[in-house]
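Trainee: Can we go through the ligand site together? I'd like to know what stands behind each term.

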Amino acid sequence: MPRYNLDGQVAIVTGAGRGIGRAIALRLAREGCRVTVADLDGATAAQVAAEVRELGGQALAHQVDVTCKEEVERMVGETCEQLGGLHILVNNAGIGAVAPLLETDEKTWDALMNVNAKSVLLCSQAGARQMIEQGGGGRIINNASGAGKIAPGKGIPLGAYAASKHAVVALTKQMGLELSEHGILVNCVCAGIVDTPMWDLIDRETAARRGVEVGSVKAEAVAGIPVGRIQQPEDVANVVAFLASDDASYMTGQTYNVSGGLLPY
Ligand code: NAD
């Protein structure tokens, strides 16, 4: 059942071909949004757009590399042409990489900073320009991570990932201030351990480094979650839907933990 009235609004969700982005796209569609399902993988974007249509919603599948300015501008342009504007941008696309900082090469660093941080700047620039031209404000919601607030820990070497996600939190704070005069509210969510292919990769690669069984790293991490269960993509989508709604109209530049109590601040 829809909780918020987002009828008539148009949303772009990046990295929406699977995992958290898919759940966000489906949730915003249930709330009444027309949705651009944007992903590097055009086939998964098309599948999720078909799922939206099965729900009775309207969706555009769009293949995009969010690190490329021209492609990002095309994504916003096609969304406006085909869905009639842009009101909500969810910067969700991201990648992970397991490597201790002493072993992190420049290629890994650049990939993480480009996909996780630069893309937030590029998509937000293109999205905010459109929202300003339309008038009436808008929402930008960034998907950072608990690793955007704390170091993931000695045993889970995600240092470059953490640096890229700290950048997303900083961009949220400053963008919230700079775009407030246009009525564009910018907020961020920080999730904990979400059951998606990204955490499966972290588990596999960390297990290989430790020489332990696949699945054991994830099980150990989940055992430390105060609410006692792994996070589902829908747990993140719930908060994104709230941040896109009128109920969140007095909030900007903020970062919200959605982590089952894992994150201390
Ligand atoms: P995922 O790997 O399951 O999905 C990520 C999606 O992003 C994929 O569909 C992928 O094709 C897409 N993508 C990757 N690079 C892209 C690019 N250059 N252009 C466009 N699309 C691209 O990951 P997920 O777990 O669903 O994570 C989604 C977001 O949530 C990421 O930003 C991630 O850092 C963040 N996050 C994840 C967790 C977790 O535990 N899984 C926790 C906190 C935050």
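Trainee: What makes the pair between Val194 and the ligand a polar contact?
Mentor: A polar backbone atom of Val194 is 2.8 Å from an oxygen atom of the ligand. A polar contact is a pair of N or O atoms within 3.5 Å, so the Val194 pair counts. Thr196 has a side-chain N or O atom 2.5 Å from a ligand oxygen, and for Asp39 the side-chain distance is 2.6 Å. Mind you, this is a predicted model: local features need pLDDT of at least 70, side-chain atom pairs count only at pLDDT 80 or more, while totals for chains, interfaces and linings use all residues. Residues are numbered from 1 along each chain as its sequence is written, and side-chain values use heavy atoms, with hydrogens and water left out.

Trainee: How many residues surround the ligand?
Mentor: There are 27, and the closest are Arg18, Asp39, Asn92, Tyr161 and Thr196. To be near, a residue needs a heavy atom within 4 Å of the ligand. The shell divides into 15 nonpolar, eight polar and four charged residues; Tyr counts as nonpolar and Gly as polar here.

Trainee: Why is the ligand said to lie between domain 1 and domain 2?
Mentor: Domain 1 (10-192 + 232-258) and domain 2 (194-230) both give residues to the shell, so the ligand lies between them. Those bounds come from an automatic or database domain assignment.

Technical notes. Polar contact = N/O pair within 3.5 Å; in protein donor to acceptor, adjacent residues only side chain to side chain.
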